[in-house]
Amino acid sequence: MYFYTYILAGRRNGVLYTGSTDDLLKRVVEHREKLRGGFTAKYGVSRLVWYELHGTRDEAFRRERQIKEWRRAWKLDLIERMNPGWDDLLPTLL
């Protein structure tokens with residue numbers, strides 16, 4: 001089983017949300033359908049722009065917390081190194 005740390009964006013250089021999960025496809029769909037409410041539903045943040053695999057839930061959670069502490073510029077750089085066009089990565093999960 002894999003665990004994921006991920007970043008969602010509303011648009012290029014827009015609002016960012018960082019999270020972690022054990023089912024990335026399901027979690028992104030939940031954000032898109034606004035099934036849990038909260039920050040992503042309020043700000044329309046649902047485009048998967050970056051993710052990373054981890055071997056344990058704890059590793060994924062620690063990475064999420066680390067990224068949440070970063071400056072915005074560092075997060076943008078992380079996204080652009082993996083996904084320079086800010087493409088929606090959800091289709092790569094299907």
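## Helix 1 and its surroundings

Let's begin with helix 1, which spans residues 24-32 and has L24, R27, V28, E30 and H31 as buried residues. These residues lie on the same side of helix 1, because they cover an arc of only 155° around the axis. Please keep in mind as you look around that this is a predicted model.

What covers the buried residues of helix 1? The cover includes strand 1 (3-9), strand 2 (16-21) and strand 3 (47-54), along with helix 2 (38-43) and helix 5 (90-93). Just after helix 1 you will find K34, which takes a positive phi of about 55°.

## The hairpin of strands 1 and 2

Strand 1 and strand 2 run antiparallel and are joined by 6 bridges. One pairing to look for is Y4, whose bridge partner in strand 2 is T21.

The two strands form a hairpin, with 6 residues between them. In the turn, N13 has a positive phi of about 60°. Strand 2 is mostly covered, with 5 of its 6 residues buried.

## Two nonpolar cores

The largest nonpolar core has 11 residues, including I7, V49, W50, I67 and L78. Strand 1, strand 3 and helix 4 (72-82) are the elements that give two or more residues to this core. Helix 4 gives the most, with 3 residues.

L78 is a good place to look into this core: leaving aside its neighbours within four places in sequence, L78 is in contact with I7, W50, R63, I67 and W70. Apart from this core lies another, of 10 residues, among them L8, L24, V45 and L89.

Note on methods: Residues are numbered from 1 along each chain as its sequence is written. This is a predicted model: local features need pLDDT of at least 70, side-chain atom pairs count only at pLDDT 80 or more; totals for chains, interfaces and linings use all residues. Side-chain values use heavy atoms; hydrogens and water are left out. Buried means under 20% relative accessible area, exposed over 50%, partly exposed in between (1.4 Å probe, protein chains only). Helices (H or I, at least four residues) and strands (E, at least two) are DSSP runs, numbered from the N terminus. The arc is that of the directions from the helix axis to the C-beta atoms. Contact means heavy atoms within 4.5 Å. A nonpolar core is a set of buried Ala, Val, Leu, Ile, Met, Phe, Trp, Tyr and Cys residues joined through side-chain atoms within 4.5 Å. Two strands pair if DSSP finds at least two bridges between them.
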